[in-house]
Amino acid sequence: MRTLLSAAVAAILGCVAVHPARASDAEQLRAAMKSARWTGPLLASNAETLPHGHIYTEPYFFDGISGGDHHPGSSGFYQYGLTDNWTVGVQPFFSVGTKRFNRGAAIGDFKLLSQVRLSHFRPDHQVPSVALVTNLIVPTGKHDRLGALKNGHGSGSLEPEIGINVQQYFLLKNGRLLRGRINVLKGFPLRSDVTGRSVYGTVAGFRGHARPGSKTSVILGAEYSLTKEWVVAFDVEGDHWGETHVTGRDASGSLIDQRTPKSWNVGFAPAVEYNWSDRAGAILGVWIVPKGHNTQASVTPAIAIQRFW
């Protein structure tokens, strides 16, 4: 994983000049940045950090549609600038059941966020903004002891994550800006206790453990500033899940040892942003994931509203 992150950062830094920009170039870029407002694309995360003492909120509302079933829910980012170069926060997850035996709201796994900025883009020194990401997924969602026909909404596993976020601005010939992002994130889930019917396919009477497969995500995001208020955005995300291993004994005492194979998919997310001030805006888009390797196809329309405090 360390090699992968190093390669990603080297590739970005290797193709962007790290020398101070000429005064005329810096002035043009500074003017272009003042005439553009951003919410951020639907999937790729920012490499910048919040100024000390400031708060950022961006709740998401979505409906995951797969196999004809709807899975509405909410997530989002709630962050605080601990220092100018260190932002912390939380990413909650909630789902809403629509079927007869699963109606109502449920809590999923929450994610604790931490991001340390290593470099900062400026018009007069145009290196990419790069940040080190260290998150922790907390198993707050129910994953086992499920009633008949009930759905689980968590993994039951504590999962540290590490990654790199990169962001760069590009001044186009028409004076407008293109903003690009790269995210690389790797999770390392720990072993989880499992009892009874669970999200891992076990049934009543089972007692044992599950080790979820690790997840690796690579996201490429781009935004084009049409006007000061309007932005079009596009993301491409590739996800890979490792093998999940479940061991234990069923109600009769027989040994259970099952493995879920590795899987991957690639999806894309077009979106449009409208930012009515330098501190607030909204994004509307759809995340489209064709059928992948051992994964189902899905379509997820989403809307988010961001506010800087």
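Contact here means heavy atoms within 4.5 Å. With that in hand, start at G73 in this predicted model. G73 sits in strand β2, which spans residues 69-83. Setting aside neighbours within four places in sequence, G73 touches Y60, F61, F62, F94, S95 and V96. G73 has a relative accessible area of 11%, so the residue counts as buried, the cut-off being under 20%. H245 lies elsewhere. G73 and H245 are 172 residues apart in sequence, and their C-alpha atoms are 28 Å apart in space.

F61, one of the contacts of G73, leads to the surface. F61 belongs to a nonpolar surface patch of about 910 Å². The other members are L226, W230, V232, V272, Y274, W276, L284, I303 and I305. Three strands each give two or more residues to this patch: β13 (230-241), β16 (263-277) and β18 (298-308). Strand β16 gives the most, with three residues.

V272 lies in β16. Is V272 buried, exposed or partly exposed? Its relative accessibility is 33%, and buried ends at 20% while exposed begins over 50%, so V272 is partly exposed.

How far can the model be read? The chain averages a pLDDT of 89, and 90% of the residues score at least 70. Confidence is highest in strand β3 (residues 86-91), at a mean of 97. Confidence is lowest in helix α1 (residues 2-14), at a mean of 44. Over residues 1-20 the pLDDT is below 50. That stretch still has 30 contacts in the model beyond near neighbours in sequence. Where pLDDT is low, predicted coordinates should not be read in detail.

Conventions
Residues numbered from 1 in each chain as written. Predicted model: local features only at pLDDT ≥ 70, side-chain atom pairs only at ≥ 80, totals over all residues. Heavy atoms only, no water. Patch = residues over 30% accessible without salt bridge, like charges linked within 9 Å, V, L, I, M, F, W, Y side chains within 5 Å. Areas by Shrake-Rupley, 256 points an atom, 1.4 Å probe, with all protein chains shown as cover. Salt bridge = Lys/Arg side-chain N within 4 Å of Asp/Glu carboxyl O. Helix = DSSP H or I, 4+ residues; strand = E, 2+ residues; numbered from the N terminus. Buried < 20%, exposed > 50% of the residue type's maximum accessible area, 1.4 Å probe, protein only. pLDDT = per-residue confidence, 0-100.
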